[in-house]
Amino acid sequence: MTEGPTSTPSGGGMSRRRLITTGAAAAAGASAVSLIDAPSADAWFWRRELVANPNFYPRDGVGGEIDMTGKVVVITGASRGIGLATGVALQALGAVVLGTSRVPGAHLNHPFPLLELDLEDQASVAAFLGAVQTRPEVTSNGGIDVLFNNAGRFVLGNPIALDPATYFPALERSLAVLYGGHVAVANGLLQALAARAAASGYARMAFTTSVVAYGVGGTEPGLSLYHAYYSGKRALLSFANCLRGVVDAGGLGIGVSTVNPLAVQTALAEGLNPIFVQPVDGNGNSSDPDFQLFLDQIRLGLANGLPVEFAAEGIVQLLTSASPDPNIAIGSNEEPFATQGQTEFAEQIGLAENAESAYGYAIGRRRRR
């Protein structure tokens with residue numbers, strides 16, 4: 001895997017070619033926060049250093065408080081990747097797992113049942129909501145214990161509409177896949193989760209967003225090729241956290257969290273799996289050499305990313321925690337996971353984007369209140 005940049009950007013950032021050849025880490029921009037001294041007796045104190053401080057999972061001492069035996073878990077986008085690995089891990093703990101796929105028949109001998117769901121299609125979403133709630137696993141349980149809104153696709157291409165006939169329909173599809181479809185599923189199954197929370201005191205809803213949701217984008221031309229993905233994931237992150245606020249205020253007893261992975265070994269970038277907002281051929285390749293280099297390196301980066309089992313371990317820790325964190329990142333500062341997830345590069349992107357934020361963090365001092 002091509003090594004990422006090692007110097008901390010200071011507003012200028014990295015060259016386009018250096019960024020592109022770093023691969024999938026651009027999909028994993030990290031938020032940046034600061035560490036500060038404890039307040040002193042006087043009115044001022046120094047902010048010591050601006051550093052990334054991600055809430056990385058998996059980690060020791062988290063999860064395991066909840067017995068998953070017999071719990072009914074619904075995972076969207078579970079035919080492969082993170083969804084499949086998480087479903088298998090929960091099955092091993094005794095959970096009853098139902099997954100979804102756009103084409104369930106393409107996944108014979110799957111370890112758990114797959115229901116049809118295409119988040120782009122409102123009719124498919126409506127049919128799924130009806131079908132899942134009438135499943136015997138759900139009706140006999142009196143509802144759903146866990147909803148893991150995991151389905152998603154990369155959305156890649158220039159923010160300028162190079163071909164409007166391709167661009168605008170693809171953009172509309174991307175918003176349905178990354179945002180609107182999840183909103184519909186979450187709302188449609190909210191009462192099924194609330195019923196289980198009332199009966200057992202346990203229910204969880206989680207969303208796979210992305211650490212790119214914490215970036216502003218635009219620090220480098222290469223990052224701008226993720227513009228629609230940034231937008232959809234940021235919208236989903238905002239929805240999930242707003243939903244948690246309302247659910248908590250209403251006392252529904254549903255723990256709502258987001259899962260924000262760094263680079264993970266998935267097929268997101270392969271072939272025509274992404275949604276493209278600029279033209280590509282039947283193999284998902286581009287005649288634009290810069291865009292093709294970008295695609296090649298994303299595919300290489302994901303092929304060498306974090307194992308899906310690593311991601312599943314962190315998600316299971318979240319779901320089996322008695323007091324789930326509201327937002328977690330899947331990644332690590334420890335090797336080999338730091339290299340696989342491209343943690344250093346992600347942190348540098350986060351710091352570079354922080355410099356452009358309207359409400360950023362900086363080394364300095366502030367008045368103590």
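Which residue forms a salt bridge with glutamate 120? In this predicted model, the partner is arginine 153, and the closest N and O atoms of the two are 3.0 Å apart. The close-ups below start from that pair.

**Figure 1. Glutamate 120 and arginine 153 meet in a salt bridge.** The pair links distant parts of the chain, 33 residues apart. Glutamate 120 sits in the loop between strand S6 (114–116) and helix H3 (122–133), while arginine 153 belongs to the loop between strand S7 (146–149) and strand S8 (155–156). With a relative accessible area of 26%, glutamate 120 is partly exposed; arginine 153, at 10%, is buried. Look for Arg173 in this view too: salt bridges that share partners join Glu120, Arg153 and Arg173 into one network. The model has five salt bridges in total, and two more of them are shown next.

**Figure 2. Aspartate 145 and arginine 196 form a buried salt bridge.** The N to O distance here is 2.9 Å. Aspartate 145 lies in the loop between helix H4 (136–139) and S7, and arginine 196 lies in helix H6 (residues 190–200), so this contact ties together parts that are 51 residues apart in sequence. Aspartate 145 counts as buried because its relative accessibility is 0%. Arginine 196 is buried as well, with a relative accessible area of 14%.

**Figure 3. Arginine 59 reaches aspartate 325 across 266 residues of sequence.** The closest N and O atoms of this salt bridge are 3.3 Å apart. Arginine 59 is found in the loop between strand S3 (56–57) and strand S4 (72–75), and aspartate 325 in the loop between helix H10 (308–319) and strand S12 (327–330). Arginine 59 is partly exposed, at 35% relative accessibility.

Stay with the S3–S4 loop to find glycine 63, which is partly exposed at 24% relative accessibility. Leaving aside residues up to four places away in sequence, glycine 63 touches Gln317, Thr320 and Ser321. The C-alpha atoms of glycine 63 and serine 323 are 8.7 Å apart, although their positions lie 260 residues apart along the chain.

**Figure 4. Phenylalanine 291 and phenylalanine 294 are part of an aromatic cluster.** There are eight aromatic pairs in the model. The rings of phenylalanine 291 and phenylalanine 294 have centres 6.0 Å apart and planes at 20°, so this pair is stacked. Both residues belong to helix H9 (residues 289–303), where a spacing of three residues separates them by about one helical turn. Phenylalanine 291 and phenylalanine 294 are both buried. Widen the view and ring pairs link these two with Phe154, Tyr226, Tyr229 and Phe276.

**Figure 5. The largest pocket has a volume of about 770 Å³.** Its lining is made up of 38 residues, and those closest to the centre are Asn150, Ala151, Gly152, Arg153 and Leu268. Arginine 153 will be familiar from Figure 1, where it pairs with glutamate 120. Helix H2 (81–92), strand S5 (96–101) and helix H8 (227–249) each supply at least two residues of the lining. The largest share, three residues, comes from H2. By type, the lining divides into 19 nonpolar, 14 polar and five charged residues.

Definitions and conventions. Residues are numbered from 1 along each chain as its sequence is written. This is a predicted model: local features need pLDDT of at least 70, side-chain atom pairs count only at pLDDT 80 or more; totals for chains, interfaces and linings use all residues. Side-chain values use heavy atoms; hydrogens and water are left out. Rings of Phe, Tyr and Trp (its six-membered ring) pair if their centres lie within 6.5 Å; planes under 30 degrees apart count as stacked, over 60 as edge-to-face and the rest as tilted. Helices (H or I, at least four residues) and strands (E, at least two) are DSSP runs, numbered from the N terminus. Buried means under 20% relative accessible area, exposed over 50%, partly exposed in between (1.4 Å probe, protein chains only). A salt bridge is a side-chain nitrogen of Lys or Arg within 4 Å of a carboxyl oxygen of Asp or Glu. Contact means heavy atoms within 4.5 Å. On a 1 Å grid over the protein atoms alone, a cavity is a set of points where a 1.4 Å probe fits but cannot get out, and a pocket is an open set with protein on both sides within 12 Å along at least five of seven lines; lining residues have an atom within 4 Å of a point. Grid points are joined across faces, edges and corners, and a volume is the space filled by probe spheres set on the points. Ala, Val, Leu, Ile, Met, Phe, Trp, Tyr, Cys and Pro count as nonpolar, Asp, Glu, Lys and Arg as charged, and the others, Gly among them, as polar.
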